[in-house]
Structure formats: structure tokens, C-alpha cells
Amino acid sequence: MTNDSEQTGRAPETAHESVGVVFVGCGYAADFYGATMPNYPHVEVRGAFDLVRERAATFTGEYGGRVFDGFDEVLDDPGCAVVVNLTPVSEHYRVTRAALLAGKHVYSEKPLASTYEEAAELVELARERGLLLSSAPSTVFSRSAQTLLRAVGDGLIGTPRLVHASLDMGALAFMPYTQWRSRRGVPWPYRDEVANGCVMEHAGYQLSWLVAMLGPVVRMAAHTSLQLGGEWPEGSEPAPDVSLGFLEFASGAVCRLSIGWVAPADLSLMVVGDRGVLSVGDVWQASAPVSLRRHVRTSGKTNAYLGEPEQLPFVAPPARHRYTDTHDLTVGAGVADLAAAALRGEQPFLSADLCLHVLDVSLRLSEGRGAMEDVTLPAPLDLKPAIASALTGTAAP
Ligand SMILES: NC(=O)c1ccc[n+]([C@@H]2O[C@H](COP(=O)([O-])OP(=O)(O)OC[C@H]3O[C@@H](n4cnc5c(N)ncnc54)[C@H](O)[C@@H]3O)[C@@H](O)[C@H]2O)c1
């Protein structure tokens, strides 16, 4: 671990080794990366390529390296060991595949690809060629996530049994999203985001923590729907904006997961064990406090069996370089972990297999796969008169 970073993954063997990285795609999300890469001295930012040259020019002007004039120039650069794929989701498969075929390790923004088949092909290609493949999100490297994982691993709550996890970001359709700009002034690509849907954009932020903590998902069901589809500008093609998932993990723990951009913001995670409860208020904040409530002896009722909340000391220091935004997403940590793994000849923590599993579960959530049964009513139910009579104390007419 580097002393001044939040990356608590493996570090390179010596302080002098570095890995050349080129960013492909320099849009809105690229600023998150550029601003946080100085946390990781073993990553050398060689430059950037974007179909819109001006975007690569502003990126390198702000964050270093040189402009690459074509994707082939990136692939031909012997100093580029890692391609960081920050293109739109629809381009992920094509760009990642070309980079792997050219012998580059790849760190991709999420999701790894648009379909399971494409992603599995990329994972196999990387394996065949002895290359590393990894994908965002990398908030599992945040000091909050690392502190939570350590606390669970140390048995502070006994055996984890139940998780409540939410990635409800607020009602996006009612926010001024057309005005959002990155540090370099790149507009937020809302049409892509709403077409990808809340699950493909955001499920990984909770799933990566959950899988790291509880192992793979072994059984699940999901219900997904589009509730605010009519609120988007004409020409938008919104995907589901609400997803409720029920997950069972290899450890035996179960989880209710809520993802969406309809409900007011709730990005919390609560892990209930048989000896206590751990919670994080906001998984999008690298330094969100981790709170522990242990079981205590009591003669009271409701939650009196839980002691006063204790804030756990963080297991890692804060990052020196952060992107000033409403969220602190630790994005550079995933690239840094892959680069360190390349130097050590190991797999990154966010291995291709882990990322493929997170994609698989995300796709199942996004498609609402699992058993939702129709409910058979004995007779048509009209509840309004019954409610009226209950309120007024008079019989419905
Ligand atoms: N927007 C966010 O808030 C956000 C946050 C985290 C992660 N992400 C993820 O980051 C990725 C990129 O999203 P974004 O918001 O930066 O999108 P964006 O549209 O702002 O930027 C994408 C950039 O890629 C360029 N591009 C497209 N095809 C290319 C190609 N084949 N080769 C080179 N450049 C190409 C475009 O010109 C554009 O500048 C997506 O996977 C998204 O899910 C987005």
C-alpha cells in the first residue's frame, strides 16, 4: 500500500517500478481518473486518445502525458502496458477486445461489456493471452469499504446473516442533469446513462463490496421496472429506473438490494451479524464513517439489544488527491491495483472472474430475472370504500 493513498491493495515490489497507462475515452468520467491518478506513483500516465481530439488534448493538458492521434497509435506504443477504457458502454467490448489482441492489460469502466457472452469472451481472451482484465467500480478500495471488510473479517459482528443495501441516487429525472459538467466542462451524458439504466450504471457499487465480503451470489430473484419513463426528453430511451433484488451468497447470508433513480437518495449498506450490526451511510463517499453496534444484555425492547454506535477507526489514510465532486469514488484505485498486479505477476483484486460475476448478477437484476408470481384474487377488490369507511367511521355508500 502506498502511504498517501487509499489503495489498500497490493503495491509494486519496489518504489521505482511503474506501469505505462493510456486512457481511451476522455469524457465526463475521465476527470475522476485524471484527478486521482497522482495518488499512485507506480502508474505512469502516458497520455490519452479520444475520437474527439480536443477532449484528449484537454485531458493531457490537465493531467499529463501526450495526445495519441489514433487508437492504433495507442496499441503500437510499447510503453503502454495498460489501456484504461473510458468509452461509452456500447464501445467497451470493441475497445477492450482490440487492446487485449494488441497485448495490453485492460482496465475498463463498468460494465465489462453489454452482454454476458461478450464479457465472457473478453475474460477468456485475456486468460489465453496471459493478460489482466479488470473493471470498475473500484469503491471496494475506499477506506470505508476496507474498514468494513476488515471488521467483518475480524468477526466484530459474528457471522454476517443479512444485508440491506441501497443505491438509490434520488429522482434523476427531476434533477438539472443537462447542466452537469465535469472539471474540464464535459457535459454529463444523460442519454447514455438513462438508456443503460440504473442497474447497469450502479449495481456494481454495492455488488463489488458484497461479493468481496460474502462470496459469490448463488441464488437470486429480481423485480425491475420503469416508473418515471415519461419524465425524460423526447428521443430518450430510458431503461429500468427501479430494481429490487433478493440475493443469497455462498456464505449463506442474504441481502435485499434496492437500486434506482426514483426514490430519494439512500446509498447505505447495513450488515447484520449474529453478534452485532455494521453500517456505512454512503458507499459513494470514500471516507464515510463505519459504525458498529454490538449486541448488549438488556431488559428493553425494540433496538435496545444494540449498544451505542461506535465509529470504527479507518484502516487506511485518506487519499491526498481527490476529485472534487458530490461523490468520492476512489476511481484511480482500480487502475492502480491492476498496475501493481501486473508488476507482481498476480491477478488484481477485481479479477476478470469477479468482474464477470458482478456483470452476470447485474444483468439478472437489470432484466428482472427470477420468480415474480402473479397473485390470484378470489374476487375483484375495490379497497377505496373500505378505506373511506375506516377513516370516517361510517359505512361506505
Ligand atoms: N458519467 C458518470 O457520472 C460516470 C461515472 C462513473 C463511471 N462512468 C462510466 O464511464 C464510462 C464513460 O462514461 P462518460 O460519462 O465519461 O461518457 P462520455 O460520453 O462523457 O465520454 C465518453 C468519451 O469516449 C469517447 N469515445 C467514444 N467512442 C470512442 C472510441 N471508440 N475510442 C476513443 N474514444 C471514444 C467520446 O468521444 C467521449 O469523449 C461509461 O462506462 C460510464 O458508465 C460514468
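This is a short chat about a predicted model of a protein chain and its two domains.

Student: Before we start, what kind of model is this, and how are residues numbered?
Tutor: This is a predicted model, where local features need pLDDT of at least 70, side-chain atom pairs count only at pLDDT 80 or more, and totals for chains, interfaces and linings use all residues. Residues are numbered from 1 along each chain as its sequence is written, and side-chain values use heavy atoms, with hydrogens and water left out.

Student: Okay, how is the chain divided?
Tutor: Domain 1 covers 19-139 + 333-359, and domain 2 covers 141-328. These bounds come from an automatic or database domain assignment. The C-alpha centres of the two domains lie 25 Å apart.

Student: How many residues does each one put into the contact?
Tutor: Domain 1 gives 31 residues and domain 2 gives 32. Contact means heavy atoms within 4.5 Å.

Student: And how much area do they bury?
Tutor: About 2,600 Å², with 63% of it on carbon and sulfur atoms. Buried area is the accessible area (1.4 Å probe) that two parts lose on being put together, summed over both.

Student: Which three residues of domain 1 supply more of that than any other three?
Tutor: Tyr28, Thr139 and His357. They supply 29% of the area that domain 1 buries against domain 2.

Student: How many salt bridges are there between the domains?
Tutor: Three. A salt bridge is a side-chain nitrogen of Lys or Arg within 4 Å of a carboxyl oxygen of Asp or Glu. Glu62 forms a salt bridge with Arg183, and their closest N and O atoms are 3.8 Å apart.

Student: What sort of residues make up the domain 1 side?
Tutor: On the side that touches domain 2, 18 are nonpolar, eight polar and five charged. Here Ala, Val, Leu, Ile, Met, Phe, Trp, Tyr, Cys and Pro count as nonpolar, Asp, Glu, Lys and Arg as charged, and the others, Gly among them, as polar.

Student: New topic: where are the cis peptide bonds at Pro111 and Pro137?
Tutor: One runs from Lys110 to Pro111, with omega near -10 degrees. Pro111 sits in the loop between E5 and helix H5 (116-129). Helices (H or I, at least four residues) and strands (E, at least two) are DSSP runs, numbered from the N terminus. Another cis bond joins Ala136 and Pro137, with omega about 0 degrees. Pro137 is in the loop between strand E6 (133-135) and helix H6 (143-153).

Student: What about phi at Thr302?
Tutor: Its phi is positive, about 40 degrees, although Thr302 is not a glycine. Most residues other than glycine have a negative phi. Thr302 lies in the loop between strand E13 (290-294) and strand E14 (310-311).
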